[in-house]
Amino acid sequence: MTAAPRTRWLGLASLALGLAMIIVDATIVNVAIPSIIEDLGLQLTDAEWVNTVYSLVFAALLVTVGRLGDLYGRKRIYLGGLALFVGASLLCASAPSGTLLIAARALQGIGAACILPSTLSSVNAMFRGRERAIAFGIWGSVIGGMAALGPLVGGWLTTDFSWRWAFYINLPIGLVAGTIALLTVPETRDPSAAPGIDLIGIVTSAIGFAALVFGLIEGERYGWWRPTDTFRIGSWEWPFATLSPVPVALALAALLLPTFALYELRRVRANRPVLLDLRLFRYRTFRWGNLAALIVSLGEFGIVFVLPLYLQAVLGYTAFQSGLVLLATAIGAFLGGPAAANLAQRFGARQVIRAGMLFEAVGLLLIVPFLAPDTTGWRLAPALFLYGLGVGLATAQLTSVILAEVPTAQSGQASGTQSTTRQVGAALGIALLGTILAAGLGSGTESRLIDQLGIPPQQAAALARAAKQSAGQILVQLQTQPGTQPIVQAIEAAFTDAARRSALVAAAFILVGFIASWLIPDIRLERGPTAVSEPATAEPRPTG
């Protein structure tokens, strides 16, 4: 039997709280990095690993943990993830050195990988019909809104308290989420799953996805072919002077991920336990919905990466002020998610997804003319609100559509797969838009310094390289030095052009996702997944 209606909604609140915690933690550290560097005396390389290791571990384990939830219970995995995440947050907050902080962030990534697919598959199992659409709307708005709230919360805590509070804050949140979940979330699993663990599948998928995400995120930093920076982990240093680690990582991903797929197909044919049942892609909503989610994530996460850099470097905003500007996106997402459920019932989920993508694209296009060195956050806010509204509409219903035909028993696998799809899309989007931003900033600065100011090419190249490597943050230093105003204006103009170009590319990705959404079959989600792919008796089965 399923839980009572009131208990279900309390359970959803617990799942949303845990989800919000890990989404905020993916962005909250960005604005705290300068304080962490100063307090712990970190090298820039170590500071960047504080962020990178979380994303790598998170993306690498999503599929694995989703399947473990199907086998051993989604609630159990969720609670275990919460406990690990909270414990790792305590280690982060009390870390006396960069090495321990990076190790604790890796543990946080494991906990986050346990939480995300468990929340989604539990929502899929707990709700049906109209309630299910509303629940997915809330889940989707949390994803979109909390990603924008992270910089605001991080800026506030770092400015008024300490960077350590960016981690301490997870302790009460995790405790409340876990307590409510323990009392209200039913335990569900796949009762037909064959016993046994697919170890080769776990290893090949985890290393393959980790290598793919590393290559996409770090290509601009370490070089896409030849090394542009020294790659090191602790005392170990990359030994090749003419070959970057990035193409090696991408080649490893290109080898392991197809190997993983072929190996899983062999195990399916032999009726052996699998980590990912690739027959899920036979469902049209799952297949085409994941494709649309991958493409849309390219634009969504890429622009969230670019805008804070622009606001702080060109407009001189603090981390907290940048977060306030992005609050418009969060408000739009929080309004769009729940509204998507009612709109989907009236017009169909596919139409709501398309409307959301159009709002996103139009919002990004409206941002472009307002990106200028003399702009203000108030000018950007309406376009960001429209963009956030589109994120709320599209994310909620796209998630629901992806799982619409998937049997409830396999929702853990499906949830992990769609979450991995979004993570890979986000990494690719950040890599592409980051590359566009860096290339435009470097070349634009150099050409302006030479052509407009007559600065010697060697000096112009050095300034352009500094602007590129610092993502424009060199402006903060130059603005305090006398006689540098013409150079500052040249860099600001180059940054503005590069940011505009990045916004246009992000809008183009979302429009391509809009086109891909036409491949998704028109399924009325208020019927619930049982109407499409399961017998009417296939309700979530309590096991705990």
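Buried means under 20% relative accessible area, exposed over 50%, and partly exposed in between (1.4 Å probe, protein chains only). This is a predicted model, where local features need pLDDT of at least 70, side-chain atom pairs count only at pLDDT 80 or more, and totals for chains, interfaces and linings use all residues. Residues are numbered from 1 along each chain as its sequence is written, and side-chain values use heavy atoms, with hydrogens and water left out.

**Exercise 1.** Work out how far helix H10 reaches and what sits at its start and just after it.

*Solution.* Helices here are DSSP runs of H or I with at least four residues, numbered from the N terminus. H10 covers residues 245-269, which is 25 residues. Its expected span is 1.5 Å times one less than its number of residues. That comes to 36 Å, and the first-to-last C-alpha reach is close to it, at 36 Å. At the start, a side-chain oxygen of Ser244 comes to within 3.1 Å of the backbone nitrogen of Val246. Just after H10, Asn271 has a positive phi of about 60°.

**Exercise 2.** Find buried residues of H10 and say what helps cover them.

*Solution.* Look along H10: the buried ones include Ala249, Ala253, Leu256, Leu257 and Phe260. Helix H9 (199-222) is part of what covers the buried residues.

**Exercise 3.** How do H9 and H10 cross?

*Solution.* Take axes as lines fitted to C-alpha atoms over the stretch in contact, with angles from 0 to 180 degrees between N-to-C directions. These two axes come within 7 Å and cross at roughly 150°. So H9 is roughly antiparallel to H10, a label for angles over 145 degrees.

Definitions and conventions:
Contact = heavy atoms within 4.5 Å. Polar contact = N/O pair within 3.5 Å; in protein donor to acceptor, adjacent residues only side chain to side chain. Parallel < 35°, antiparallel > 145°, perpendicular 65-115°, else oblique.
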